[in-house]
Amino acid sequence: MNVPLPLLLKIAAVAATGTAVIFSVRHHLRTTAIHSLQRSIHHALLCLPSGGPPAILVAGFRGHGKSAFVNTVCRVLAGDVGPMLLRTETAPAGGSSATIGRWVVRVTAESGGCGCVEEMGVVELVDGPPLPEPEEVTRADVEAALIAAVAQDGGDGGVGRMPECVVVMLSCSRTAGELQLAVRRLSKIAGVVRKLGMHLLVVLTHKKSIRNWKQAEELRKEVALRARTDCVYFIENYTANCSIKCRTPGALKNHFDTHVAALTIIRQCVEFATHHRRQSPPRKMLDSAATQLNDHEL
């Protein structure tokens, strides 16, 4: 049966229009979801009890995505588009002390299109020093790395503020043995974090390295069990990969899953900070941090 050409053209036009409508609706729904999370974070920051911006310490082993996570969160919170802007850098190769200087990044959270131009919410991200290798790390190493966030200069010439939340990074791209060893060390890290009165989240990077959802769920359950927390998240960090032949920085495409994961993690950290400050006034928090620091030095 011969189908007239005009009819074929009409069918193709209808199909193209339907496809465009579907993609347009999908884009609108995703944009709305991201703006909703941004507004939620912005509102939570404005309603945060006194004590300065919430301090979030990003900790973990070398090469597990700490700096990439900080850069990703900054891009998402600031609403950046185009080339990747780096706010922090990867630690140099080789061994390093857990008491080396920290890298503090302050980022203004995008209001999510609510029009709140005059009021700005700020988040302080602390890119902590890397922990020793999982087979060598001890409880004392973890304690030194976390206390360094309080002991060192906070950027205003004084003693750094006590982080209210600790985000521990683990990379799923490591070999099964390396990842398993790092997961087993979470119990030590979690013990020290809670001893210092901070909240704990675990973020698993390079989620594309996981073969299927069953493996991801098994890993999430094991991490939650070791760290004794339900705050376990998967994320694919944004990175600024560029070959030698690149003459100009290339535009980086934002991904919905990465944006939602980063915003959800920060929203949870801000919620922890709010709860922490309502339970412990800022003066009490600083005194507690100083006591822990003095005990460590003795």
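This briefing covers salt bridges in the structure above. The model is predicted. The count comes to five salt bridges. Three of them are described below, pair by pair.

**Asp-127 and Lys-66**
- Asp-127 forms a salt bridge with Lys-66, and their closest N and O atoms are 3.0 Å apart.
- Asp-127 lies in strand 3 (residues 121-127) and Lys-66 in helix 2 (residues 66-78), so the pair ties together parts that are 61 residues apart in sequence.
- Asp-127 has a relative accessibility of 7%, so it counts as buried.
- Lys-66 is also buried, with a relative accessible area of 8%.

**Glu-143 and Lys-195**
- A salt bridge joins Glu-143 to Lys-195, with the closest N and O atoms 3.8 Å apart.
- This pair links distant parts of the chain, 52 residues apart. Glu-143 sits in helix 3 (residues 139-151), and Lys-195 sits in helix 5 (residues 186-195).
- Glu-143 counts as buried because its relative accessibility is 13%, under the 20% cut-off.
- Lys-195 counts as partly exposed because its relative accessibility is 44%, between the 20% and 50% limits.

**Glu-164 and Arg-277**
- Glu-164 pairs with Arg-277 in a salt bridge, and the closest N and O atoms lie 2.5 Å apart.
- Here too, distant parts of the chain are linked: the two residues are 113 residues apart.
- Glu-164 is in the loop between helix 3 and strand 4 (165-171). Arg-277 belongs to helix 7 (residues 256-279).
- Both Glu-164 and Arg-277 are buried.

Technical notes: Residues are numbered from 1 along each chain as its sequence is written. This is a predicted model: local features need pLDDT of at least 70, side-chain atom pairs count only at pLDDT 80 or more; totals for chains, interfaces and linings use all residues. Side-chain values use heavy atoms; hydrogens and water are left out. A salt bridge is a side-chain nitrogen of Lys or Arg within 4 Å of a carboxyl oxygen of Asp or Glu. Helices (H or I, at least four residues) and strands (E, at least two) are DSSP runs, numbered from the N terminus. Buried means under 20% relative accessible area, exposed over 50%, partly exposed in between (1.4 Å probe, protein chains only).
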